[in-house]
There are 2 protein chains.
Amino acid sequence: MIIPFELFRELSIKTPSRIVLFVIDGLGGLPHPSTGKTELETARTPNLDALAASSVCGVTDPVRPGITPGSGPAHLSLFGYDPLQYLVGRGALSAVGVGFHLQPGDVAARVNFATVDEQGRVTDRRAGRISTETNRKLVEMLRRIKLPGVETFVETESGHRAVVIFRGPELSDELTDSDPQVVGQPPKPVEALTPAAQRTAQLANEFLAQAAQVLKDQHPANMILMRGFAKPPHLPSMSELYKLTPAAIAVYPMYRGLAKLVGMELLDAGNTLADEIHALRDNFERYDFFFVHVKASDTAGEDGDFDRKVAVMEDIDQHIPALLDLKPDVLVVTGDHRTPSVLRLHSWHPVPFALHAQYAVPDRLSAFSERELARGSLGRFPAMEAMGLIMGYAQKLARYGA
Amino acid sequence: MIIPFELFRELSIKTPSRIVLFVIDGLGGLPHPSTGKTELETARTPNLDALAASSVCGVTDPVRPGITPGSGPAHLSLFGYDPLQYLVGRGALSAVGVGFHLQPGDVAARVNFATVDEQGRVTDRRAGRISTETNRKLVEMLRRIKLPGVETFVETESGHRAVVIFRGPELSDELTDSDPQVVGQPPKPVEALTPAAQRTAQLANEFLAQAAQVLKDQHPANMILMRGFAKPPHLPSMSELYKLTPAAIAVYPMYRGLAKLVGMELLDAGNTLADEIHALRDNFERYDFFFVHVKASDTAGEDGDFDRKVAVMEDIDQHIPALLDLKPDVLVVTGDHRTPSVLRLHSWHPVPFALHAQYAVPDRLSAFSERELARGSLGRFPAMEAMGLIMGYAQKLARYGA
């Protein structure tokens, strides 16, 4: 039962209470074949266990039951936005992911450096997986391209991947990809899917033609392919919806970019969780909502490194007392999706969720684990419902009706 | 949180994994007044209990919380179709139920044989509950009726019930019933609810007039009443939505008909559960989704025979190992609705649901019963969500978003 935005706009009230949404990326896993225990069941996490005992708990479906989410949809859900309604397209997510601040009306596309033969046919869609260093040099060259009536920006992602952004009046993202997806064929021309997209298609094709010229001697990266043209989604801001003054503490650009899309201020922090909690403490009086993001758990899961994921959880556990010491009115510890080490991928499984607050009557669970939290009083629920619960327990929602 | 069809169409992928959806009709009951135990709690079901221990479990609301479903809506939900959106009207369900293959544009109506007096007033809406044998003879007579511009089909259901199908161009089901619902009044003329239905109303009234002639000497079944005019619903097929190659193993025509409506292939099987499992084994390599339907549990419940329902569950239990021996990637054991013996009716109670799969972390429940499965990690959820979970655990859904 998702709360419509209209209701949040109507009922949310500005109060001094403070919320910390602590997102452990890829939280939760699957049993190790030899022990039958998950990463969380294996890790020694006395502080998280105590948190589970003193919280209301449950598990969330990030997008819909059975659906494995990408990072974009999974985070938007936690912030209260239905990711089926607010899709961050591939190009826009790439732009956001490199820390580029998309403006309304911008159109971004994912770029692959590729190799083409003398007949112009693609022979390698990833240009031999060039280094990020080479990528940066080639991006410098692409930045010299000039198009009539629009600004263009080109940014390195990593390896063979980059992103291009078009900025100007009346651009459209209703365009086909130039990436043919297979080798042995030439890149496709970008085509307009609607009449209104004709001009943007011409601009994209002009960019591709100039790129071919600029890169012609740069074998193996002598061409680019473009895909996933996308405008930034029109997301109402969290301050508009919830009357919050939100801040984000995240190291990785993509999560900082997602936070920016929903109107969070980005706080500077170092690279470690200790740095992040330091930044939280330093800024604690200045905001009333903090999104704190930890990435290492997801990376360990994607690497298939069960033991490292266990170690990451044990490390995170050491920092839980520091979070509680700040006495946030609501502390939520959850994930955006599971990344089980045995799968090496994001998964569709429900994600652990614990909410600690003055009036959250503890479920008295015995451990912070997938199975144990699933027994909590919140049950299994859509991640999109989390903001309703958070706002409620923060006493930031007025009564509905007389 | 139901998955919109668009998302299934976008994300579903063809893979070799196999799914068995084992539907025990009327699964789940209510406590016996003298023992306080339900049928499932009374039955000795070691294999189902072991399944509950090794599955993720929960209970489903077939249509909406508190709503008692008919067989049509309850099955459509399990196949992923919202039965409020895709209603199989009374006439269409009757046609489907006798194994008649409705075509798009057909209009079907439920028929009651009835008794009318000399003034044409209905004296018995069920014609003294004539035998199915008599019904068949009368249906033969009704098949002689000819209408201008349309084909008509008449099929026996059972007892006093039959079904008539009109086939031709531009027919409408926006018609009122001829059944007056009370005795002492003449049958009502069929009336068009929209101008476009005028011609179909005339055809229906012409059919009724001819039926009165044909049957006039067949006391007590000297008239028919028509109700529930309905076209077949436009259901996107399961292969279109889920990229599955689905097959149905069901004995009763209605369930075969429902399976046909969503595009399943109907497999031949004998009349017993052993026959059905034999058919499953024989066809296991040829399809990737199997709907296996068991009827006896529902019949025992509708007969109010608590002990027989217990015995049916114990019999079903014996066949669970054979299902597991096939090593389906996902095995779901559930029901379409409860049919508690003490009610002798379908009920509104949530229905036991267990999902067994490689990456389904067992809830370790102690028994396959209503109370125990309600404690499972899936919680209580709409039956319509089952296909999302099934597709997720079968790893047949691509990741949503980047």
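A residue counts as buried if 20 or more other C-beta atoms lie within 10 Å of its own C-beta atom. That cut-off is applied in the legends below, which describe a predicted model.

**Figure 1. Val23(A) sits buried in strand E1 of chain A.** Strand E1 covers residues 19–24. Val23(A) has 24 other C-beta atoms within 10 Å, so it meets the cut-off of 20 or more for a buried residue. Leaving aside neighbours within four places in sequence, Val23(A) is in contact with Leu78(A), Phe291(A), Val292(A), His293(A), Thr334(A), Gly335(A) and Asp336(A). One of these partners, Val292(A), is 269 residues away along the chain. The C-alpha atoms of Val23(A) and Val292(A) are nevertheless separated by 6.0 Å.

**Figure 2. Chain A as a whole.** Chain A has 14 helices and 13 strands. Its radius of gyration is 23 Å, close to the 21 Å that the globule rule gives for 402 residues, so chain A is as compact as a globular protein of that length. The C-alpha trace of chain A spans about 70 × 55 × 35 Å along its principal axes. Of the 402 residues in chain A, 54% are buried. Contacts in chain A between residues at least 6 apart in sequence were also sorted by separation: 71% of them join residues at least 24 apart.

**Figure 3. Two domains of chain A and the contact between them.** The domain assignment gives domain 1 as 5–86 + 235–393 and domain 2 as 92–230. Taken over C-alpha atoms, the domain centres are 35 Å apart. Eight residues of domain 1 are in contact with six residues of domain 2. On the domain 1 side, helix H9 (residues 253–261) of chain A gives the most, with seven residues. By class, that side has four nonpolar, two polar and two charged residues.

**Figure 4. Helix H9 of chain A is largely enclosed.** Seven of the nine residues of H9(A) are buried, so the rest of the structure largely encloses this helix. The buried residues are Met254(A), Tyr255(A), Arg256(A), Gly257(A), Leu258(A), Ala259(A) and Leu261(A). Their cover includes two helices of chain A, H4 (71–78) and H5 (90–97). It also includes strands E8 (246–249), E9 (265–266) and E10 (289–294) of chain A. Just after H9(A), Gly263(A) takes a positive phi of about 90°.

**Figure 5. Met264(B) in the loop between helix H9 and strand E9 of chain B.** In chain B, helix H9 covers 253–261 and strand E9 covers 265–266. Met264(B) is buried, with 25 other C-beta atoms within 10 Å. Not counting residues up to four places away in sequence, Met264(B) touches Met238(B), Pro246(B), Ala247(B), Ala248(B), Ala259(B) and Phe291(B). Arg143(B) lies 121 residues from Met264(B) along the chain, and their C-alpha atoms are separated by 30 Å.

**Figure 6. Nonpolar cores.** The largest nonpolar core has 129 residues. Phe22(B), Phe290(B), Val332(B), Ala354(B), Leu355(B) and Ile390(B) touch the most other members. Leaving aside neighbours within four places in sequence, Phe22(B) is in contact with Val292(B), Leu323(B), Leu331(B), Val332(B) and Val333(B). A second, separate core has 125 residues. Among its members are Ala108(A), Leu323(A), Ile390(A) and Ala402(B). In soluble globular proteins, nonpolar side chains tend to be buried together.

**Figure 7. The contact between chain A and chain B.** Chain B brings 19 residues to the contact, and chain A brings 28 residues. On the side of chain B, helix H14 (residues 386–393) gives the most, with four residues. The residues on that side divide into 12 nonpolar, five polar and two charged.

**Figure 8. Chain B laid on chain A.** A turn of 126° and a shift of 0.1 Å along the axis lay chain B on chain A with an RMSD of 0.3 Å. The two copies are thus related as by a three-fold rotation axis. In chain B, the C-alpha nearest the axis belongs to Gly379(B), 3.5 Å from it. The copies use different surfaces: 5% of the contact residues of chain B recur in chain A.

Technical notes:
Residues are numbered from 1 along each chain as its sequence is written. Chains are lettered from A and ligands numbered from 1 in the order in which they are written. This is a predicted model: local features need pLDDT of at least 70, side-chain atom pairs count only at pLDDT 80 or more; totals for chains, interfaces and linings use all residues. Two residues are in contact if their C-beta atoms, placed from the backbone, lie within 7 Å. Ala, Val, Leu, Ile, Met, Phe, Trp, Tyr, Cys and Pro count as nonpolar, Asp, Glu, Lys and Arg as charged, and the others, Gly among them, as polar. Domain bounds come from an automatic or database domain assignment. A residue is buried if 20 or more other C-beta atoms lie within 10 Å of its own, exposed if 12 or fewer, and partly exposed in between; C-beta atoms are placed from the backbone. Copies are superposed by least squares on the C-alpha atoms of residues with pLDDT of at least 70 in both. A nonpolar core is a set of buried Ala, Val, Leu, Ile, Met, Phe, Trp, Tyr and Cys residues joined through C-beta atoms within 7 Å. The radius of gyration is taken over C-alpha atoms; the globule rule is 2.2 Å times the number of residues to the power 0.38.
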